[in-house]
Amino acid sequence: MFSLHETTQRRVCRTAFVLGCVLPTLCAIAWVTYLHRPWRESDWQQMLRQQLHVQATVGEVRSPSPGITELVDLEFSDLRSGQLLGSIDELRITGWASKTALAAARVEISAEQFPAFASVIATWLASEDDSRLQMQAETLRLVGPRGELFELANIRLQSLVGADTHKQIKLLASPIETGEGTRSTVQLIVDHDSTQSMVTLETQNESLPAWLLADLVPGMGGCAGASFTGRLQIASTSQQPSGSMTGRLEGIDLQSWVGSGSPHQLRGTASLHLESLKWKGPSIEIARGHLRADAGKVSHSLLALLSERHYFPLGQQLEGAEIPADRMLDFDELACHFQISRAGIEISGACETSKSGSSRGLLANDGQLLLREPKYRVLQVARLVQVLATMQPEASWLPATREALEIATRLPLPESEGSAKEPLKKESP
């Protein structure tokens, strides 16, 4: 063994001390200082803005271990309007490069901001960012416009990037356990390519509150208290959104269709089986299905309106009877098949308990028809506006009200060429 000169030994010891003690200490101090820099919340807010295209507010940033970051009291807002889209109580982030894993306890989203939220997702999908995102959350809370709450559990979200600019976001969730046994999984898929974005919702056997769809599906605002089970598709292109829906709506308040300010009354709870509902922009193109209610009350004024102005014959026991307009009549069955399109409205009675032989009706009580199906096979769509909107006594066509205009914009009104045509006679059985 050779011995180093004393000067060399000192240099070696100093170098080893610097490399083994001083540099690691300085690196640790620099790392701690960087993680606890006073402006790190604003750094994360700017990063989220660039990555997710939203305005983000971060209450606190934590770094429990290397490679893991926790964002506390995180809020997302729309870049343009500044409206709050949602919030996350605590978001745990692992990685932020080609693949990011997120975990949260509770995510809260405002249902009123679904259109803006969809715009944010479309912007993110259209970007050149090809990073993959995975997220899990214990609870997703959806807040309605009137403070309604609906919660989903076991949230699993994953983004996929395919060939030819195709991107997909897939979300799986289950309704909160209620002790009723095994629950199905609600599935939401967002597909995006260079031409359009497509959103597909499958509720499986689960029911979702209809108010979740009020701002997405034309006419769904009148079913806000109901529950929906079925399939929904919405396509967004450079022109205008379109969509289709099939399934069932349970628990529809019939008076909400007539309107709280209407002089007519229709009380009861109905179910609606939608065979097909298609729309483009704010207007329905076709609606076909079956409506049924088991029991309720109807004002004689509504039946008289349908009879005198819209070709619906009254039942035999009501024809020529002197009945006050505000008198409420009981019914134990309301049932009809319907189809609404630009060609008009086709309505056929479907009461099953009627004792009127071959005569079909829409409304019955104790086996006796209160309202028969219309005399014509096809009625003009504008007649539905006259029924649902308050009609002035002197008006002969559409009511000149904002309410009537709002209803009309959601219906498939015909072109001007055929708007004055008379309805077709119903064929004799």
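Here, buried means under 20% relative accessible area, exposed means over 50%, and partly exposed lies in between (1.4 Å probe, protein chains only). Helices (H or I, at least four residues) and strands (E, at least two) are DSSP runs, numbered from the N terminus.

This is a predicted model: local features need pLDDT of at least 70, side-chain atom pairs count only at pLDDT 80 or more, and totals for chains, interfaces and linings use all residues. Residues are numbered from 1 along each chain as its sequence is written, and side-chain values use heavy atoms, with hydrogens and water left out.

**Exercise 1.** Work out which residues of helix α5 are buried, and what they pack against.

*Solution.* Start with the helix itself: α5 spans residues 300–310, and eight of its eleven residues are buried. These are His300, Ser301, Leu302, Leu303, Ala304, Leu305, Leu306 and His310. Next, look for contacts, meaning heavy atoms within 4.5 Å. The buried residues pack against β13, β14 (283–299), β15 (328–331), β18 (361–365), β19 (368–372) and α6 (382–388). Now zoom in on His310, which counts as buried because its relative accessibility is 1%. Leaving aside neighbours within four places in sequence, His310 touches Leu305, Leu379, Arg383, Gln386 and Val387. Step just past the helix and you meet Tyr311, with a positive phi of about 70°.

**Exercise 2.** Find out what surrounds the side chain of Arg372.

*Solution.* Arg372 sits in strand β19. Arg372 is buried but has no salt bridge, that is, no side-chain nitrogen of Lys or Arg within 4 Å of a carboxyl oxygen of Asp or Glu. The nearest side chain of opposite charge is Glu319, 4.7 Å away. (Lys and Arg count as positive, Asp and Glu as negative; His and the chain ends are not counted.) Then check the backbone: the Arg372 side chain reaches the backbone oxygen of Leu314 at 3.5 Å.

**Exercise 3.** Place Leu249 and Leu216 in their surroundings.

*Solution.* Take Leu249 to begin with. The largest nonpolar core (buried Ala, Val, Leu, Ile, Met, Phe, Trp, Tyr and Cys joined through side-chain atoms within 4.5 Å) has 89 residues, and Leu249 is one of those with the most contacts inside it. Strand β13 (residues 266–280) gives the most to this core, with six residues. Not counting residues up to four places away in sequence, Leu249 touches residues including Met220, Phe228, Leu272 and Leu274.

Turn to Leu216, in the loop between β10 (208–209) and β11 (227–236). Leu216 is partly exposed because its relative accessible area is 28%. Beyond four places in sequence, Leu216 contacts Phe114, Pro115, Ile234 and Trp279. Finally, the C-alpha atoms of Leu216 and Pro282 are 9.1 Å apart, with the two positions 66 residues apart along the chain.

Notes: A polar contact is a pair of N or O atoms within 3.5 Å; within protein, one must be able to donate a hydrogen and the other to accept it, and residues adjacent in sequence count only if both atoms are side-chain atoms.
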